[in-house]
Amino acid sequence: GVAQWDDRGIAVRMVVSTTDITERKQAEATLRRQALAFENLYDGVIITDATGIIWDWNGGAERILGYTKAAAVGQNIDMLLEPENLGLTQQILATVLTHGRWMGKITFVRQDGSHCFCEKLVLPLRDAAGEIIGTIGVNRDITEQARLQQEQERFFQLSLEMLCVAGFDGYFKQLNPAWETTFGYTQEELLAKPFLDFVHPEDLESTPVSYTHLRAHETIALI
């Protein structure tokens with residue numbers, strides 16, 4: 001502020017200039033919240049420029065991939081790919097430019113050389129003029145889920161028991177090899193017919209009843 005004086009040298013008033021910084025403070029608070037959310041997301045978030053150079057990545061990316069932010073920033077994201085997949089980065093960017101996003105599953109190489117399987121979503125990063133200057137990739141580690149699914153599929157295929165997946169439309173959706181061994185039909189023949197065609201005549205009456213219970217999400221016991 002600036003003081004104003006009278007002829008006797010006595011301050012009679014103060015002229016003060018103020019600036020409203022409410023919007024600036026709100027913007028700063030928003031940026032702090034966004035930065036906090038970015039760092040604490042469980043998924044791995046990787047921000048790159050339009051050529052694949054890593055600009056930033058969060059704690060989730062460190063946890064999933066093993067590299068610290070300091071080690072990753074400035075590197076090309078291709079360092080996370082197997083040699084045979086090095087063209088994938090440009091394919092993803094081309095899809096983002098054309099369709100506005102890329103979604104898929106991808107295998108990364110961690111810092112220790114091990115592999116992780118991730119669901120990945122890539123979105124464009126735009127500047128103030130709306131031009132795409134990079135990408136934001138969100139990566140969810142599904143390595144353990146994929147391993148369990150492989151084990152379940154292996155059990156399904158190798159079991160000597162007849163295992164199947166059937167739909168409420170009355171047809172088989174998936175059958176293990178034991179069905180072919182037991183019935184002598186091919187998979188194609190079994191999948192092409194309603195499963196009631198393979199039910200013993202004595203069980204034809206009870207089978208639809210059990211089917212109705214299953215549709216009602218009830219548990220049934222098979223003897």
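Is Met162 buried, exposed or partly exposed? In this predicted model, Met162 counts as partly exposed because its relative accessibility is 35%, a value between the 20% and 50% limits for that class. Here is a short tour of the surface around that residue, the enclosed space inside the protein, and one loop contact.

**Surface patch**
- Met162 joins Phe183 and Tyr185 in a nonpolar patch on the surface.
- Together, these three residues have about 250 Å² of accessible area.
- To find Met162 along the chain, look in the loop that runs between α5 (143–158) and β8 (164–166).

**The cavity**
- There is one cavity of 30 Å³ or more.
- The largest cavity has a volume of about 190 Å³.
- Its lining is made of 18 residues, and the closest to the centre are Ile77, Thr89, Ile92, Lys120 and Thr135.
- Two or more lining residues come from each of β3 (44–49), α4 (88–99), β5 (102–109), β6 (115–126) and β7 (132–141).
- Helix α4 gives the largest share of the lining, with four residues.
- If you are thinking about the chemistry of the lining, the classes are eleven nonpolar, five polar and two charged residues.

**Val73 and its loop**
- Val73 sits in the loop between α3 (69–72) and α4.
- With a relative accessible area of 34%, Val73 is partly exposed.
- Ile54 is 19 residues away from Val73 in sequence, yet their C-alpha atoms are 5.0 Å apart in space.

Definitions and conventions. Residues are numbered from 1 along each chain as its sequence is written. This is a predicted model: local features need pLDDT of at least 70, side-chain atom pairs count only at pLDDT 80 or more; totals for chains, interfaces and linings use all residues. Side-chain values use heavy atoms; hydrogens and water are left out. Patches are made of residues with over 30% relative accessible area and no salt bridge: like charges are joined within 9 Å, nonpolar side chains (Val, Leu, Ile, Met, Phe, Trp, Tyr) within 5 Å. Accessible areas come from the Shrake-Rupley method with a 1.4 Å probe; for residues, only the protein chains shown count as cover. A salt bridge is a side-chain nitrogen of Lys or Arg within 4 Å of a carboxyl oxygen of Asp or Glu. Buried means under 20% relative accessible area, exposed over 50%, partly exposed in between (1.4 Å probe, protein chains only). On a 1 Å grid over the protein atoms alone, a cavity is a set of points where a 1.4 Å probe fits but cannot get out, and a pocket is an open set with protein on both sides within 12 Å along at least five of seven lines; lining residues have an atom within 4 Å of a point. Grid points are joined across faces, edges and corners, and a volume is the space filled by probe spheres set on the points. Ala, Val, Leu, Ile, Met, Phe, Trp, Tyr, Cys and Pro count as nonpolar, Asp, Glu, Lys and Arg as charged, and the others, Gly among them, as polar.
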